[in-house]
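Q: I'm new to this structure and would love a close look at one part of it. Could you walk me through a group of aromatic residues and what surrounds the topic?

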Amino acid sequence: MKQILLVSAVYFAFAGAALAADAVVTEPTSDLAPAGFWAGGYVGLHVGYGRGNGNAVDLDDSFFDESIGQTHDVDTEGFVGGVQAGHNWQTGSFVYGLEADIGYLGLDGVNEILDEPDNYGSAKLGLYGDLTARLGFAADRLLIYVKGGVAATRYDVTFGDLHNINGTLDGNSSESRSGGRVGYTIGGGVELALSEKWTTKLEYQYFDFGTVGLTDIQGDKAEVDIDAHTIKVGLNYRF
């Protein structure tokens, strides 16, 4: 929560300072955003903070050596960053378009329980990309929008049972998997025009990357659900 508040505070401080400076050298607000102002292409960058989960469930009674349905959850967190590009069309006050993001989800976490049920889990997200449709409502300088589409990420997970004696991972009741996952994303935000060419945004985005199946060398199975929540600030250049 502190990290989210920090990102938000930085955003509003930056936007407020930019608007104060902009007001000195530009025409009145009503002249800044004429009809169709939001139409056109843009490129930009974003930074932010994210939290997520890697939640595992035992599909039989042997993967975690406990019982069917035994769960083990890993909370992930970290900073995110990347670049975006998109194009908007505008009809009256309604703005619609497409946007693509490429970046890094630096979310990772470990949950190790040495006592009963003596389970271990780790999860990490890396490179990501998404392609989304955006729909918004423009009020002069301000654009309020929602977005949704397809997303993909690089992931790395390890789950299993720990030895009771020394707390090391039991090679017979554990598995690690890594690779790429495709899922969906939804979100929304606000975008503010700082000048004719520059805009800044504050955006929330949820990612669901589906379920990863795990099978240890004994054939015991588990599933891991992977998701993430991010809040980002961004800066765009319009052309």
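A: Happy to! Let's start with a trio: Tyr128, Phe207 and Phe209 together make up one aromatic cluster. Keep in mind as you look that this is a predicted model.

Within that cluster, take Tyr128 and Phe207. Their rings form an edge-to-face aromatic pair, with 5.6 Å from centre to centre and 75° between the planes. Tyr128 belongs to strand E5 and Phe207 to strand E8 (residues 198-215), so this pair ties together parts that are 79 residues apart in sequence.

Are these two rings buried or exposed? Tyr128 counts as buried because its relative accessibility is 5%, and buried means under 20%. Phe207 has a relative accessibility of 1%, so Phe207 counts as buried too.

Now let's widen the view. Searching the whole structure turns up nine aromatic pairs. One of them joins Phe94 and Phe137: the ring centres are 5.9 Å apart and the planes sit at 75°, so this pair is edge-to-face. Phe94 is found in strand E3 (residues 94-105) and Phe137 in strand E5 (residues 119-139), so the pair ties together parts 43 residues apart in sequence. Phe137 has a relative accessible area of 42%, so Phe137 is partly exposed.

To finish, here is a feature of the surface. Asp73, Asp75, Glu77 and Asp108 form a negative patch there. Strand E2 (residues 71-91) gives the most to this patch, with three residues. Asp75 lies in strand E2, and with a relative accessible area of 51%, Asp75 is exposed.

Technical notes:
Residues numbered from 1 in each chain as written. Predicted model: local features only at pLDDT ≥ 70, side-chain atom pairs only at ≥ 80, totals over all residues. Heavy atoms only, no water. Patch = residues over 30% accessible without salt bridge, like charges linked within 9 Å, V, L, I, M, F, W, Y side chains within 5 Å. Areas by Shrake-Rupley, 256 points an atom, 1.4 Å probe, with all protein chains shown as cover. Salt bridge = Lys/Arg side-chain N within 4 Å of Asp/Glu carboxyl O. Lys, Arg positive; Asp, Glu negative; His and termini not counted. Charge placed at Lys NZ, Arg CZ, Asp CG, Glu CD. Helix = DSSP H or I, 4+ residues; strand = E, 2+ residues; numbered from the N terminus. Buried < 20%, exposed > 50% of the residue type's maximum accessible area, 1.4 Å probe, protein only. Phe/Tyr/Trp six-rings, centres within 6.5 Å; stacked < 30°, edge-to-face > 60°.
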